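Here is a set of exercises to work through with a structure open beside you. Try each task by yourself before reading its solution.

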Amino acid sequence: MAAAATRITQLMVAKPCISASHQSSRSSIACFGNETKGASWTKLRSSSFLSATQNFYKNCHSNASKSERHAVKAMAAGGDKQTLPGLPIDLRGKRAFIAGIADDNGYGWAIAKSLAAAGAEILVGTWVPALNIFETSLRRGKFDESRVLPDGSLMEITKVYPLDAVFDSPEEVPEDIKTNKRYAGSSNWTVKEVAESVKQDFGCIDILVHSLANGPEVTKPLLETSRNGYLAAISASSYSFVSLLKHFLPIMNPGGATISLTYIASERIIPGYGGGMSSAKAALESDTQVLAFEAGRKHGVRVNTISAGPLGSRAAKAIGFIDMMINYSLENAPLQKELTADEVGNTAAFLSSPLASAITGAVVYVDNGLNAMGVGVDSPVFRDLDIPRAPKN
């Protein structure tokens with residue numbers, strides 16, 4: 001078990017590693033109301049109809065000698081068991097590992113909230129240098145406002161693991177990283193070690209989310225990007241997904257789902273998005289298709305990626321022109337509204353659920369339709385055309 005990993009919720013009596021059975025009777029119903037941020041929250045619900053979905057998932061082998069399991073309390077206690085109408089998203093009894101959350105304002109956090117609201121147990125992998133700040137912020141309640149779920153309860157994170165997805169195993173870690181003071185006090189943080197720790201602690205997972213990207217030379221044009229900078233972007237932003245699947249697939253239940261995050265720069269020119277990051281996103285999308293075949297055939301696990309529109313997160317601000325891209329989207333996308341993080345989170349919850357059981361190898365665009373545009377209609381050359389515009393409130 002990772003030495004620096006922090007147990008966030010209460011520990012409860014051990015349960016077998018089963019997907020969506022015994023734990024579901026103790027979970028409450030998540031109904032998304034209009035009081036939450038973003039209208040799309042009202043579309044996501046969880047219910048108690050599990051009989052139709054249980055056949056998607058099988059038991060995985062758990063460590064019989066392990067006497068404890070960490071149980072999620074992401075839902076409010078109580079609640080009736082009445083089946084809701086329609087096609088609710090129900091992830092109760094499922095366990096998700098989200099790699100790449102370091103604060104409360106990115107897509108990774110939004111995905112965690114949507115999965116939790118639908119009933120999933122949440123495990124998090126946080127970059128080692130950011131681990132102490134993230135855990136301290138959680139402990140001191142700095143994220144409490146953004147942890148609020150639609151039913152009024154707070155999202156609970158069962159456990160936080162230190163993770164540096166650039167390194168697959170301890171043997172690959174260079175000496176300067178091992179002795180770096182930002183890594184002091186943490187252990188078992190390579191991809192292989194984290195997967196082993198999760199297996200030891202919980203036995204298995206059902207959902208794997210890759211919310212990782214980094215390009216040390218992202219502000220440089222591609223022609224000015226060094227080989228090391230280019231390869232670093234590929235390593236951190238795309239190969240890390242391959243590595244996560246390689247090490248986590250053996251502990252994923254059949255019928256499970258994996259999701260990564262990509263960006264339209266993989267297939268369109270976005271000036272300023274440099275340093276090999278566009279190449280990394282293109283690789284990620286290509287890998288999604290190949291991994292969907294391999295993971296589907298060998299493990300019965302689905303692999304999809306979400307191409308999300310621009311969001312003004314802390315990580316995105318490192319690019320330097322994120323506000324410009326948000327404004328560009330508002331002017332040119334078919335839907336003239338600001339994209340919210342929960343819209344991406346809700347899409348991830350759908351893709352993780354049995355409702356998306358036949359979707360794999362897909363790039364799902366959640367960008368207000370901007371990917372469909374061939375030109376920017378805010379250009380002066382279109383000033384004489386009658387361009388439809390959204391009515392102003």
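The exercises below concern a predicted model, and each one comes with a worked solution.

**Exercise 1. Getting an overview**

Task: Find how many helices and strands the protein chain has, and what share of its residues count as buried.

Solution: Start with the secondary structure: the protein chain holds 8 helices and 10 strands. Next, turn to burial. Of the 393 residues, 53% count as buried. Then look at the contacts with a separation of 6 or more: 82% of them are between residues 24 or more positions apart. Finish with the surface, where the accessible area is about 18300 Å² and 54% of it belongs to carbon and sulfur atoms.

**Exercise 2. The surroundings of Thr126**

Task: Locate Thr126 in the fold, decide whether it is buried or exposed, and list what it touches beyond its sequence neighbours.

Solution: First, place the residue: Thr126 belongs to strand E5, which covers residues 121-127. Second, check its accessibility. The relative accessible area of Thr126 is 0%, so this residue is buried. Third, set aside the neighbours within four places in sequence; the contacts of Thr126 are then Ile101, Ala102, Leu131, Phe134, Val160, Tyr161, Pro162 and Leu163. Keep Phe134 and Tyr161 in mind, as both return below.

**Exercise 3. Two nonpolar cores**

Task: In the largest nonpolar core, identify the residues that touch the most other members.

Solution: This core has 40 residues, and those touching the most other members are Leu115, Ile122, Phe134, Ile157 and Ile306. Now ask which elements supply two or more residues to the core: they are strands E4 (95-99), E5, E7 (205-210), E8 (252-262) and E9 (302-308), together with helices H1 (107-117), H2 (128-139) and H8 (341-352). The element that gives the most is H1, with 8 residues. As a last step, look for a core apart from this one: there is another of 27 residues, whose members include Leu163, Ile205, Leu208 and Met252.

**Exercise 4. A nonpolar patch on the surface**

Task: Find the residues that make a nonpolar surface patch with Leu87, and describe the setting of Leu87.

Solution: The partners of Leu87 in this patch are Phe350 and Leu355, and the three together have about 280 Å² of accessible area. Leu87 itself sits in the loop between strand E3 (68-70) and E4. Its relative accessible area is 68%, and the cut-off for exposed is over 50%, so Leu87 is exposed.

**Exercise 5. Aromatic pairs**

Task: Count the aromatic pairs, then describe the one formed by Phe97 and Tyr161.

Solution: The count is 7 aromatic pairs. For Phe97 and Tyr161, the ring centres are 6.2 Å apart and the planes are at 55°, a tilted arrangement. The pair links distant parts of the chain, with Phe97 in strand E4 and Tyr161 in strand E6 (residues 159-163), 64 residues apart. Phe97 has a relative accessibility of 0% and counts as buried; Tyr161, at 0%, counts as buried too. For Phe134 and Phe143, the centres lie 5.7 Å apart and the planes are at 40°, so this pair is tilted. Phe134 and Phe143 are both buried. To close, widen the view around Phe97 and Tyr161: with Phe248 they form one aromatic cluster.

**Exercise 6. Salt bridges**

Task: Count the salt bridges, and work out where the Arg95 and Glu121 pair sits.

Solution: There are 9 salt bridges by count. Arg95 and Glu121 form one with an N to O distance of 2.9 Å. This pair joins distant parts of the chain, Arg95 being in strand E4 and Glu121 in strand E5, 26 residues apart. Both side chains belong to buried residues, Arg95 and Glu121. Move on to Asp144 and Arg147, whose closest N and O atoms are 2.7 Å apart. Here Asp144 is partly exposed at 29% relative accessibility, whereas Arg147 is buried at 9%. Glu156 joins Asp144 and Arg147 in a network of salt bridges.

**Exercise 7. Positive phi values**

Task: Compare the settings of Asn188 and Asn368.

Solution: Asn188 has a positive phi, near 55°, and lies in the loop between helix H3 (175-178) and helix H4 (191-202). With 26% relative accessibility, Asn188 is partly exposed. Asn368 has a positive phi near 60° and lies in the segment after strand E10 (363-366). Its relative accessible area is 9%, so Asn368 is buried.

Note on methods
Residues are numbered from 1 along each chain as its sequence is written. This is a predicted model: local features need pLDDT of at least 70, side-chain atom pairs count only at pLDDT 80 or more; totals for chains, interfaces and linings use all residues. Side-chain values use heavy atoms; hydrogens and water are left out. Helices (H or I, at least four residues) and strands (E, at least two) are DSSP runs, numbered from the N terminus. Buried means under 20% relative accessible area, exposed over 50%, partly exposed in between (1.4 Å probe, protein chains only). Contact means heavy atoms within 4.5 Å. A nonpolar core is a set of buried Ala, Val, Leu, Ile, Met, Phe, Trp, Tyr and Cys residues joined through side-chain atoms within 4.5 Å. Patches are made of residues with over 30% relative accessible area and no salt bridge: like charges are joined within 9 Å, nonpolar side chains (Val, Leu, Ile, Met, Phe, Trp, Tyr) within 5 Å. Accessible areas come from the Shrake-Rupley method with a 1.4 Å probe; for residues, only the protein chains shown count as cover. A salt bridge is a side-chain nitrogen of Lys or Arg within 4 Å of a carboxyl oxygen of Asp or Glu. Rings of Phe, Tyr and Trp (its six-membered ring) pair if their centres lie within 6.5 Å; planes under 30 degrees apart count as stacked, over 60 as edge-to-face and the rest as tilted.
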